[in-house]
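Work through the exercises below with the model open. Each task is followed by its solution, step by step.

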Amino acid sequence: MPEHRTTEQDFDFHGPALDTVFDTYRDLREQCPVGRSDRHGGFWFLTRAEDISTVEHDPQTFSVAPSMLLPPFGTDVPLIPVDIDPPDHAGYRKILLPLFTPKAVERLDEDMRRSARHLATEVAAQEVADVSHEFARPMSTMVFSRLAGFPEKDWPLFDRWIDDIVYERSADPQRARAAGREVMDYFDALLGSRGEDPGGDDLIHRLSIAEIDGRKLTHDELLSFCYLLFLAGLDTTAWAIRSSLWFLAQHPKAQARLREHPDEIPAAAEEFLRTLSPVQAMARTCVQDTEVAGQKIKAGDRVVLVFGAGNRDPKAYGNPDDIVLDRRDNRHLAFGVGLHRCAASNLGRRELVVALQEFLAVVPDFSRTDPTDPWHGLGPLTLRIGR
Ligand code: HEM
């Protein structure tokens, strides 16, 4: 029998206020480390780093089918590669990994820096700016869409789709499904318009010529890949950038230190990823009766890995709630661990580093216009620019 409380019926991991969620996680880790919530059809949730890692490394017992996303990401189509178990997962992953090696990402550096500098210069010219919509989101859209081959004329459509699918799906599943259909139709048309061999060197081209065991991907596989890459590639980095700016806006000393020492930004970025966790949680399904930390989990039960809580587990990190800008040996869970670990972590972390370096180089001291206003990681992030 577990020694802890096991129910927290209302617990949800969608859209938490960043000012308070980490206190909730602390209480859960201490009092209810393997908890049960009634939301979304019922699920177990894990808040300790060790338990999260155990489940991530056991894909035989914990499957990603029917979906790693709870509730689903606006569609019931299995998304490649996140919703695919071994052995099929390996073929898809083999296609993706070469696209995001450190070398491949290095080639994007100049484009990233130019985009970040351009947007930061526009922010710096204002007294008050919404850096979510004027910096973090457009930076992420520009960088990933150019890499992927999403035409610039379509970029204005993307923010609403992401909001409806990623952020509103818990509160309004119908809206998320409607947006999911729009995105599927969009990629269906885009792939159709590009034909068999569209040429160029973007991700859509690379996926359309890729082979698994001598066969090309089907149209449906390509569609599922594009849908997932669109959601994973655009929103995660935008969230990482805006949440880091949210922290820096409230910590002038950290801001000044990183502005003065941009070479310290890569280590600081890792610490922002650890403590703020752009992907707060992902789900699995238990496929055979088992136990986690003494709690029985039955076949068919959904299990949610709360990375945001595991990343502040005192058993894994000293002073876990402190943002230590030069923390060493920072093996956080922000990109997951194991088989489904983020396939583009090199891109995500590099984009965050470049965004922060350029923003701090160009934008003078910034602070929150209303520091008492709870911020949920979405919506506007309004900052006062300059003293
Ligand atoms: C700071 C930015 C990012 C963070 C924090 C992040 C985080 C994550 C997390 C937590 C997972 C799930 C891991 C698991 O369940 O074990 C994941 C998977 C994935 N991410 Fe990222 N991600 C980021 C950026 C990106 C970008 C830019 C892309 C570009 C396409 C991307 C593509 C993927 C893919 C394809 C997977 C699935 C890997 C698999 O199933 O094998 N991510 N990411």
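**Exercise 1. Give the handedness and geometry of the α8 and α10 crossing.**

Solution. This is a predicted model.
- Step 1: the crossing of α8 and α10 is right-handed.
- Step 2: take the axes. Helix α8 spans residues 173–194, and its axis lies 10 Å from that of α10. The packing angle is about 120 degrees.
- Step 3: classify. Angles of 65 to 115 degrees count as roughly perpendicular, and over 145 as roughly antiparallel. The pair α8 and α10 is therefore oblique.

**Exercise 2. Repeat the analysis for α5 and α6.**

Solution. Two packed helices are described by the angle between their axes and the distance between the axes.
- Step 1: locate the helices. α5 covers residues 109–124 and α6 covers residues 131–148.
- Step 2: read the geometry. The axes are 10 Å apart, at an angle of about 160 degrees.
- Step 3: classify. The cut-off for roughly antiparallel is over 145 degrees. So α5 and α6 are roughly antiparallel to each other.
- Step 4: add the handedness. α5 and α6 make a right-handed crossing.

**Exercise 3. Find the cavities, then describe the lining of the largest cavity.**

Solution. Rolling a probe the size of a water molecule over the atoms shows where empty space is left.
- Step 1: count. The whole structure holds 4 cavities of 30 Å³ or more.
- Step 2: size the largest cavity. Its volume is about 1000 Å³.
- Step 3: find its centre. The lining has 50 residues, and A232, T236, P278, V279 and M282 are the closest to the centre.
- Step 4: assign elements. Two or more lining residues come from each of α3 (88–96), α7 (155–167), α10 (219–249), β7 (281–286) and α14 (345–362). The greatest contributor is α10, with 10 residues.
- Step 5: sort by class. The lining of the largest cavity has 32 nonpolar, 11 polar and 7 charged residues.

**Exercise 4. Describe the second largest cavity.**

Solution.
- Step 1: its volume is about 50 Å³.
- Step 2: list the lining. The residues are V55, E56, P59, F62, R284, V337, G338, L339 and H340.
- Step 3: sort them. The lining of the second largest cavity divides into 5 nonpolar, 2 polar and 2 charged residues.

**Exercise 5. Which elements line the largest pocket?**

Solution.
- Step 1: take the volume. The largest pocket encloses about 270 Å³ of space.
- Step 2: locate the centre. Of 16 lining residues, A104, L108, L147, D201 and R206 lie nearest to it.
- Step 3: assign elements. α4 (102–106), α6 and α9 (203–209) each give two or more residues to this lining. α6 supplies the largest share, 3 residues.
- Step 4: sort by class. The lining of the largest pocket has 10 nonpolar, no polar and 6 charged residues.

**Exercise 6. Which protein atom is a donor to the iron atom of the ligand?**

Solution.
- Step 1: search for donors. SG of C342 is the only protein donor, at 2.3 Å.
- Step 2: check the cut-off. Donors must lie within 2.8 Å of the metal.
- Step 3: place the residue. C342 sits in the loop between α13 (307–310) and α14.

**Exercise 7. Find unusual backbone geometry: cis peptide bonds and a positive phi.**

Solution. Most residues other than glycine have a negative phi, and most peptide bonds are trans.
- Step 1: check omega. The bond joining L70 and P71 is cis, with omega about -10 degrees. The bond from I80 to P81 is cis too, with omega near 0 degrees.
- Step 2: place the prolines. P71 is in the loop between β3 (62–63) and α3. P81 is also in the loop between β3 and α3.
- Step 3: check phi. S277 is not a glycine, yet its phi is positive, about 45 degrees.
- Step 4: place the serine. S277 lies in the loop between α12 (265–276) and β7.

Technical notes
Residues numbered from 1 in each chain as written. Predicted model: local features only at pLDDT ≥ 70, side-chain atom pairs only at ≥ 80, totals over all residues. Heavy atoms only, no water. 1 Å grid on protein atoms, 1.4 Å probe; cavity = no way out; pocket = protein on both sides within 12 Å on 5 of 7 lines; lining within 4 Å. Points joined across faces, edges and corners; volume = space filled by probe spheres on them. Helix = DSSP H or I, 4+ residues; strand = E, 2+ residues; numbered from the N terminus. Nonpolar A, V, L, I, M, F, W, Y, C, P; charged D, E, K, R; others polar. Donors = N, O, S within 2.8 Å, 3.2 Å for Na, K, Ca; no water. Axes fitted to C-alpha atoms, helices over the stretch in contact; angles between N-to-C directions. Parallel < 35°, antiparallel > 145°, perpendicular 65-115°, else oblique. Left-handed = near helix turned anticlockwise from the far one by under 90°.
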